[in-house]
Amino acid sequence: MTIVTRFAPSPTGFLHIGGARTALFNWLYARHHGGKYLLRIEDTDRARSTPAAVEAILDGLSWLGLDWDGDAIFQFPRAARHAEVARQMLAEGKAYHCYASPQELQEMRDSQKRAGVPMRYDGRWRDRDPKDAPADVAPVIRLKAPQNGQTIIQDAVQGEVKVENAQLDDMILLRADGTPTYMLAVVVDDFDMGVTHVIRGDDHLNNAFRQLQIIKAMGWPEPVYAHIPLIHGADGAKLSKRHGALGVDAYRDMGFLPAALRNYLLRLGWGHGDDEIISTEQAIEWFDLPGVGRSPSRFDTVKLTNLNAHYLREAPAAELLPLVLPRLEKALGGPVDAAGMARIERGLDGLKPRSRTLVELADNLVFYARGGAPPIADDKARALITPESKALLGRLAESLEAVGSDWSEKPLEEAVRRFAETAGVKLGQVAQPLRVALTGSTASPGIFEVLAILGPAETRTRLLAAAG
């Protein structure tokens, strides 16, 4: 049997972090078993579904590297197929027409509420003769659900879960206007797509009981259900925007790498011993449903940021350069010139350990990208450019002329140390204002590394600008 999973988001907003994890688990399970991972856009809510949301979902999945097999399937155009199944069930006596008016149904609910009993459809048209139907009411089609016994699901994550059938009413399959309900559409689409495993959040567990009744009525094969616990905030409360429940696009904008986000989402609810850093190749090899826990996981932006810092350090400079370049150009207000590009390429590796996100990496690279005197970052840095230090920097600019053609870290360090000794000052009295003059900040990679990367001409320009 070929394993087939699916991710089925509704395009009513961005691809949120919980949806991204669901997509990841489906993708990994299919890839682990050599199966198929399909994408279905559940756009039946026409009032709330938007092309922009569809684009955000497709873009977010692509950025995360969760490539789906075949074309994305849209649910709304399949409405005729959904209705066909409802009418088949009607013809086979597994469903029936209900002519209860909206007013009748409201009176029924009000009566149940007053009696303190669960509000469910009472089956008033289940066994009535259609000849009794009022002429002015367009009927819905309802499932003739079993009234006795239990509906049982052997869930691959939750274990055995069951519900008494008496608690489930005869749900609507086809509305009076001929449009299918969500419950029907999902089941028909899963069957037609050949889905073997339904992996989704446990907020859908109650839906599964109703959907399974449709599957049984049609005599279709039951999928394996795996309902994964939801993600909570670091404080244990339901995940919200204040915890970081943002769209995947927001994490991209904040400078997170897709590999880091995949790794982090993988560890939210699934584990492989004590392993924390898990490559995509390892994840595909190791992932299986028994590793998914039953307890909600906690989203922690600090842990995600620290994990991203690891991936940033390990990523090749050539991979990071095209990711930071647009951010640099935005900061500079224009393209980076050839000299700036050369400095960035040489300096990027030295700044990776000092950066946790692409945003920080780009910010740290600005002083290499921009030619000429860098802006002074803050009052602390500005305080180091005193009349005395200006004089030292001017003299240092002339002294460094003697370094000659071997403009590398070791000769530069020797030259600066000799200069400090000759000037009768401590090395720090030279190095601290030198750092500010070259980078605009009190924090940077090693100052001799910076000197070597800037080169003699750019170094002289910046020193003289600071000295002036």
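**Entry: Q75**

I started with Q75, which lies in the loop between β3 (73-74) and α3 (79-91). The model is predicted, and I kept that in mind throughout. Is Q75 buried or exposed? I found 0% relative accessibility, so Q75 counts as buried.

I then looked up its partners. The side chain of Q75 is joined to the side chain of D189 by a polar contact of 2.9 Å. Setting aside residues up to four places away in sequence, Q75 touches R40, I41, E42, D43 and T44. Q75 also touches H82, A185, V186 and D189.

**Entry: R126**

Next I went to R126. I found R126 in the loop between α4 (102-115) and β5 (140-143). R126 has a relative accessible area of 12% and is buried, because the cut-off is under 20%.

What does the side chain of R126 reach? I noted the backbone oxygen of A145, at 3.0 Å. I noted a second partner too: the side chain of D170, in a polar contact of 2.9 Å. I left aside neighbours within four places in sequence and listed the contacts of R126: Y96, Y121, K144, A145, Q147 and D170. So A145 and D170 appear in that contact list.

**Entry: V195**

V195 sits in the loop between α5 and β9. Its relative accessibility is 11%, so I logged V195 as buried. Which residues is V195 in contact with, leaving aside neighbours within four places in sequence? I wrote down V4, R6, D190 and P223.

I also checked one distance from V195. P221 is 26 residues apart from V195 along the chain, and their C-alpha atoms are separated by 9.8 Å.

**Entry: helix α6**

I moved on to α6, residues 205-218. This helix has 14 residues. From its first C-alpha to its last α6 reaches 20 Å, close to the 20 Å expected at 1.5 Å a residue.

How many of the 14 residues of α6 are buried? I recorded twelve, so α6 is mostly covered. Among them are L205, N207, F209, R210 and M218. After α6 comes G219, with a positive phi near 70 degrees.

**Entry: helix α17**

I looked up α17 in the same way. α17 covers residues 427-439, which is 13 residues. The helix reaches 18 Å from its first C-alpha to its last, close to the 18 Å expected at 1.5 Å a residue.

The buried residues of α17 are V430, A431, P433, L434, R435, V436, A437, L438 and T439. What covers them? I found that the cover includes α13 (358-369), α14 (379-382), α15 (387-399), α16 (409-423) and α18 (447-467). G440 follows α17, and its phi is positive, near 80 degrees.

**Entry: the largest pocket**

I finished with empty space. Rolling a probe the size of a water molecule over the atoms shows where such space is left. The largest pocket holds about 820 Å³ of space. I noted that 33 residues line the largest pocket. Which of them lie nearest its centre? They are H16, G18, G19, D203 and H204.

The elements giving two or more residues to this lining are β1 (4-7), α1 (17-32), α5 (182-192) and β9 (197-201). α1 gives the largest share, six residues. I sorted the lining by class as well: 16 nonpolar, ten polar and seven charged residues.

Note on methods: Residues numbered from 1 in each chain as written. Heavy atoms only, no water. 1 Å grid on protein atoms, 1.4 Å probe; cavity = no way out; pocket = protein on both sides within 12 Å on 5 of 7 lines; lining within 4 Å. Points joined across faces, edges and corners; volume = space filled by probe spheres on them. Helix = DSSP H or I, 4+ residues; strand = E, 2+ residues; numbered from the N terminus. Nonpolar A, V, L, I, M, F, W, Y, C, P; charged D, E, K, R; others polar. Buried < 20%, exposed > 50% of the residue type's maximum accessible area, 1.4 Å probe, protein only. Polar contact = N/O pair within 3.5 Å; in protein donor to acceptor, adjacent residues only side chain to side chain. Contact = heavy atoms within 4.5 Å. Expected span 1.5 Å × (residues − 1).
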